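This report goes through a single protein chain, moving from local backbone geometry to side-chain contacts and then to the chain as a whole. The sequence and the structure come first.

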Amino acid sequence: MERDLTALFDPRSVAVVGASDDPAKYGHAVASQALRAEGRRRPVYLVNRRGGTVLGKPAAPSLAAIGEPVELVVVSVPGSGFEAAVEDALACGAKAIVGITAGFAEAGPAGAARQRAVVARVREAGAVLVGPNCLGIADNTTELYLASDRFAPGGVALLSQSGNLALELQLRVAPHGLGFSRFVSLGNQADVTLVDLVEDCARHEATAAIAVYAEDFGDGRAFARAAAAAGKPVVLLTAGRGSASARSAQSHTGALTTSADVVAAACRDAGVELVCTPREMTVVLAAVSSRPGPRTGGTRTAVFTDGGGHGAIAADAAEDAGLDVPELGAATQAGLRTVLWEQSAVGNPVDLAGMGEQQPLSYADTVAHLLGAEEVDAVLMTGYFGGYAASEGGLGGGQAGGSVLAEGETRAAEKIVAHLAGSPKPLVVQSMYPGSPSCRVLAGAGIPVFAATEDAARALAAMTGRAARSAPEFAALPAAAAPLRDAGYHGVRGLLAAAGVPFPAAREVTDEAGVLAAAGEFEGPYVLKALHLLHKSDAGGVALRLADRDALLAAYRDMRARLGAGSYSVEAMADLSDGVELIVGVNRDPRFGPVAMVGLGGILTETLRDVAFALAPVPARRAEELLRGLRSAALLAGVRGRPAVDVAAAAAVIERITTVAAAHPEIAELEVNPLLVRPDGALTLDARAVLG
């Protein structure tokens with residue numbers, strides 16, 4: 001349920017408890033910022049137990065001494081006094097509390113118990129709490145300044161667990177003309193969570209994009225759901241993504257699934273831009289904050305340059321970022337020939353080959369043709385553009401020509417802006433002189449301009465990717481089913497079969513009489529499996545293509561002699577010809593819940609590691625996309641004379657498997673390996689489950 005955070009971001013009055021004249025104390029920094037807007041929007045009260053004055057303003061010795069209700073209270077006092085300060089705040093009518101004080105859940109079990117008690121008291125009073133152990137909040141749209149630093153106004157809401165990273169991000173985004181609508185230090189998220197804040201920022205009209213640095217997602221699936229529903233860009237920087245989520249996993253799925261895979265899958269499914277560094281976050285924010293309005297979502301990119309080296313490097317960077325750089329068609333090349341000279345390259349990259357020095361408007365003419373080409377989804381312009389105006393402006397441009405070239409380049413920039421205004425296609429620029437007057441014309445019109453080629457390519461990927469997933473699909477968890485009691489092989493088979501997952505005929509046996517009975521129930525050839533082994537194939541516990549009853553009985557005697565008494569399974573041998581073996585697994589992540597893995601299966605799963613991830617359950621349409629995105633996807637389409645397999649049938653089975661796993665929270669790991677997919681359908685050949 002969405003929470004009302006009005007008292008947090010636009011309170012009628014504010015008090016800072018622990019305000020101080022000592023610059024070494026956080027109460028000094030917060031009080032200094034709070035007083036910036038005193039009297040314009042709301043009264044600001046300073047509280048110090050000694051009374052007197054703080055920052056030249058009378059300070060009350062307690063909240064009660066103010067004599068007026070206070071809607072938002074910042075608490076920056078020693079840990080031993082935090083609970084009492086919270087009680088005082090609630091007693092004076094506070095509906096929102098910002099807890100700067102540390103020493104709670106982050107300090108161990110005793111601190112966690114104190115934190116739970118404080119939260120219970122705050123919620124009982126109908127109030128909200130940010131923190132504790134946070135660095136404050138700010139809202140430039142309501143002139144609420146309750147953090148230690150100023151944040152330049154703009155359209156980005158920054159939700160961060162790190163104060164220093166927030167400051168670095170502010171330094172990085174400033175050259176791109178970006179600023180912040182809000183800043184919230186997340187702290188321990190004891191009451192107000194990241195999910196609450198994302199939902200509120202999604203409703204906040206002045207926020208155009210949401211930037212998040214988080215190490216603790218709390219309920220990761222709820223975060224993904226909130227981001228998917230936000231209706232505006234969400235950019236996530238997180239740490240600790242590379243550690244294995246389950247080092248003691250008992251299945252291929254658990255062994256292959258890392259925290260990085262889980263976070264990446266959640267972000268992709270929710271339409272969140274996942275970044276690795278503050279620099280990359282800056283690049284993506286600059287991209288997604290530019291030129292509002294409808295966009296095309298294709299990845300076919302035209303690279304446009306005025307130098308062969310820049311064009312080749314930019315083409316590689318574009319492909320590394322997931323964009324396509326196809327050769328342009330004959331009609332588009334012919335159109336470019338009408339505005340370029342003979343030595344210009346028009347295949348892609350498109351290279352002016354020096355024409356820009358003779359006719360600066362050729363930059364604009366080329367951009368116009370590329371934006372108008374049906375086969376082009378996006379344009380990446382790279383190289384010297386900006387250098388002519390930079391030379392005139394004393395910014396280090398190396399070309400001669402003076403004001404004539406500078407004026408021509410500026411006119412070209414203005415025409416590029418005009419051409420782009422009528423196109424839904426994105427344009428990103430890399431320039432050796434990003435601060436030049438002509439590049440500032442582009443940037444002023446919302447065209448992202450970067451100094452680094454890789455930054456321009458990443459920005460363009462963010463712009464095209466967001467357009468492609470403007471309405472991300474996010475599968476909801478099914479209702480919990482009755483718990484699985486029998487986690488043995490045949491118990492798991494029965495659970496999946498009841499959901500419509502197809503299996504060959506099978507019978508569990510424990511002696512020779514059972515083997516002979518199974519041989520009488522269905523015809524060979526047969527498969528024999530030793531069910532009491534964790535990794536059957538590795539131990540020689542699987543025998544295939546047993547032609548008749550005698551071969552089956554001999555295999556059973558051999559296995560029993562080698563592997564001991566236990567449970568075995570006799571199964572009908574599937575037709576493996578023209579088939580491709582897949583793996584389908586679901587691993588339950590403590591933050592994001594069930595996460596599905598699909599990929600190339602069989603005995604080489606962990607060796608090849610050709611797998612993809614998504615939050616479970618996985619709809620059939622999404623499952624088919626995952627399969628066709630594998631490195632080995634060509635096998636599914638048929639190679640070297642083999643027919644194509646029924647990918648749609650496999651996708652339908654994947655949906656059923658992942659739905660079963662998602663409906664059983666007691667299952668920590670569920671795996672089908674292999675799922676045999678043939679031209680005529682899909683068949684599950686082995687399954688296992690591990691209970692949590």
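## Two arginines with positive phi

In this predicted model, R640 counts as exposed because its relative accessible area is 85%, which lies over the 50% cut-off for that class. R640 is located in the loop between α24 (634-637) and α25 (647-662), and, although R640 is not a glycine, its phi is positive at about 50°.

A positive phi is also found at R545, again a residue other than glycine, where the value is near 55°. R545 belongs to strand β22, which covers residues 542-546, and with a relative accessible area of 54% R545 is likewise classed as exposed.

## Cis peptide bonds

Two peptide bonds that lead into prolines deserve attention when the backbone is inspected. The bond from N348 to P349 is cis, with omega near 10°, and P349 sits in the loop between α12 (330-337) and β16 (350-351). The bond from A616 to P617 is cis as well, with omega near 0°, and P617 is placed in the loop that runs between β26 (611-615) and α23 (620-628).

## The surroundings of H490

H490 lies in helix α19, which comprises residues 489-498, and its relative accessible area of 21% makes H490 partly exposed, because the class of buried residues ends at 20%. Leaving aside residues up to four places away in sequence, H490 touches A506, R507, E508, L531 and S569. With S569 there is a polar contact between the two side chains, at 3.1 Å.

H490 can also be related to a residue far along the chain: A687 is 197 residues away in sequence, yet the two C-alpha atoms are 8.7 Å apart in space.

## A nonpolar surface patch

I603, L604 and L608 together make a nonpolar surface patch of about 300 Å². Of these residues, I603 is situated in the loop between β25 (593-600) and α22 (605-608), and I603 is exposed, its relative accessible area being 68%.

## The chain as a whole

The protein chain contains 25 helices and 29 strands, and its C-alpha trace spans about 95 × 80 × 35 Å along the principal axes. Of its 692 residues, 54% count as buried, while the accessible surface comes to about 27,500 Å², with 52% of that surface belonging to carbon and sulfur atoms. When contacts between residues at least 6 apart in sequence are considered, 69% join residues that are at least 24 apart.

Definitions and conventions: Residues numbered from 1 in each chain as written. Predicted model: local features only at pLDDT ≥ 70, side-chain atom pairs only at ≥ 80, totals over all residues. Heavy atoms only, no water. Helix = DSSP H or I, 4+ residues; strand = E, 2+ residues; numbered from the N terminus. Buried < 20%, exposed > 50% of the residue type's maximum accessible area, 1.4 Å probe, protein only. Contact = heavy atoms within 4.5 Å. Polar contact = N/O pair within 3.5 Å; in protein donor to acceptor, adjacent residues only side chain to side chain. Patch = residues over 30% accessible without salt bridge, like charges linked within 9 Å, V, L, I, M, F, W, Y side chains within 5 Å. Areas by Shrake-Rupley, 256 points an atom, 1.4 Å probe, with all protein chains shown as cover. Salt bridge = Lys/Arg side-chain N within 4 Å of Asp/Glu carboxyl O.
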